[in-house]
Amino acid sequence: DLHKLLKEIGDVLNNNTGEDVQKFSDIVSSLMNDVALRKEDKGTMGIMTGLHIFDARYGWHGGDLVIIAGETSMGKSTLATTVAYNMAVNSVPSAYYSMEMSARQLAARIIARRVKIGSVRTLKDKLSDVEFSQLYDNVAMLKTLPIYFDERSKTTFMGICDSIRRMVREH
């Protein structure tokens, strides 16, 4: 029937195949295995952000949704672009959603972090020959980083959720 078919299509699109249901005993066994590996210095503490104080205490783990929020000019974008850059150079993909800055501005911040030329200068000023050369030499590597920006989903929470699902499938 049509209702059943639509539900099946929705489940496939949303990855609701039932395979994500796990038994507590299996989760505990996996957790204990990870703890034992870390005890012998063979496991990891999670996904490293490159922020050593944070990594030593917490680390991020697969499936974490990290939301950085606060007042304007508190360093949210600097923190987020630093983490995205650090993770990307270690081949960990990042998706970036900003309610304030454009993808171009954020990319300029990531580039600025690498080449030590301010993002505002990169966006608006005429660079010296040395600065341009420095920028040009680093951009080839930076272009390969697995960082993804989505400006289309700024309007709704569901738009962001749909974008996250799409990025997980594609990247």
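The legends below accompany an overall view and several close-up views of one protein chain, which is a predicted model.

**Figure 1. Overall view of the protein chain, with its 8 helices and 2 strands.** Followed along the sequence, the helices and strands of the protein chain come in the order α-α-α-α-β-α-α-α-β-α. The C-alpha atoms of the protein chain occupy a box of roughly 65 × 50 × 35 Å along the principal axes. The radius of gyration of the protein chain is 20 Å, whereas a compact globule of 171 residues would have a value near 16 Å. Of the 171 residues in the protein chain, 26% are buried. Among the contacts in the protein chain with a separation of 6 or more, 55% join residues that are 24 or more positions apart. The surface that the protein chain exposes comes to about 12700 Å², and carbon and sulfur atoms supply 57% of this area. The protein chain carries 22 positive and 21 negative charges, and the mean positions of these two groups are 5 Å apart.

**Figure 2. Close-up of the aromatic pair formed by Y96 and F149.** The structure holds 2 aromatic pairs. In the pair shown here, the ring centres of Y96 and F149 are 5.6 Å apart and the ring planes meet at 45°, so the pair is described as tilted. Because Y96 belongs to strand β1 (residues 94-96) and F149 to strand β2 (residues 147-149), this pair ties together parts of the chain that are 53 residues apart in sequence. Y96 has a relative accessibility of 9% and therefore counts as buried, while F149, at 28% relative accessibility, counts as partly exposed.

**Figure 3. Close-up of the stacked aromatic pair formed by F132 and Y136.** The rings of F132 and Y136 lie 6.2 Å from centre to centre, with 25° between their planes. Both residues belong to helix α7 (residues 129-142), and because they are 4 residues apart there, F132 and Y136 are separated by about one helical turn. F132 is partly exposed, since its relative accessible area is 49%, and Y136 counts as exposed, with a relative accessibility of 59%.

**Figure 4. Close-up of S73, a residue other than glycine with a positive phi value.** The phi angle of S73 is near 60°. S73 is placed in the loop that runs between helix α3 (52-57) and helix α4 (76-88). With a relative accessibility of 75%, S73 counts as exposed.

**Figure 5. Close-up of S91, which is not a glycine but has a positive phi.** The phi angle of S91 is about 65°, and this residue is found in the loop between α4 and β1. At a relative accessibility of 61%, S91 counts as exposed.

**Figure 6. Close-up of G50 and two residues in contact with it, D55 and N86.** G50 is located in the loop between helix α2 (24-39) and helix α3, and with a relative accessible area of 31% it is partly exposed. When the neighbours within four places in sequence are left aside, the residues in contact with G50 are D55 and N86. A distance across the model can be given for comparison with the view: from C-alpha to C-alpha, G50 and D129 are 31 Å apart in space, and they are 79 residues apart in sequence.

**Figure 7. Close-up of N86, a residue of helix α4.** N86 has a relative accessibility of 8% and so counts as buried. Apart from neighbours within four places in sequence, N86 is in contact with T49, G50, L51 and R113. The C-alpha atoms of N86 and D1 are separated by 50 Å, and these two residues are 85 residues apart along the chain.

**Figure 8. Close-up of L79, which also lies in helix α4.** L79 counts as partly exposed, with a relative accessibility of 35%. If residues up to four places away in sequence are not counted, L79 touches L51 and I68. Between the C-alpha atoms of L79 and D41 the separation is 28 Å, and the two residues are 38 residues apart along the chain.

Methods. Residues are numbered from 1 along each chain as its sequence is written. This is a predicted model: local features need pLDDT of at least 70, side-chain atom pairs count only at pLDDT 80 or more; totals for chains, interfaces and linings use all residues. Side-chain values use heavy atoms; hydrogens and water are left out. The radius of gyration is taken over C-alpha atoms; the globule rule is 2.2 Å times the number of residues to the power 0.38. Buried means under 20% relative accessible area, exposed over 50%, partly exposed in between (1.4 Å probe, protein chains only). Contact means heavy atoms within 4.5 Å. Accessible areas come from the Shrake-Rupley method with a 1.4 Å probe; for residues, only the protein chains shown count as cover. Lys and Arg count as positive and Asp and Glu as negative; His and the chain ends are not counted. The place of a charge is taken as NZ of Lys, CZ of Arg, CG of Asp or CD of Glu. Rings of Phe, Tyr and Trp (its six-membered ring) pair if their centres lie within 6.5 Å; planes under 30 degrees apart count as stacked, over 60 as edge-to-face and the rest as tilted.
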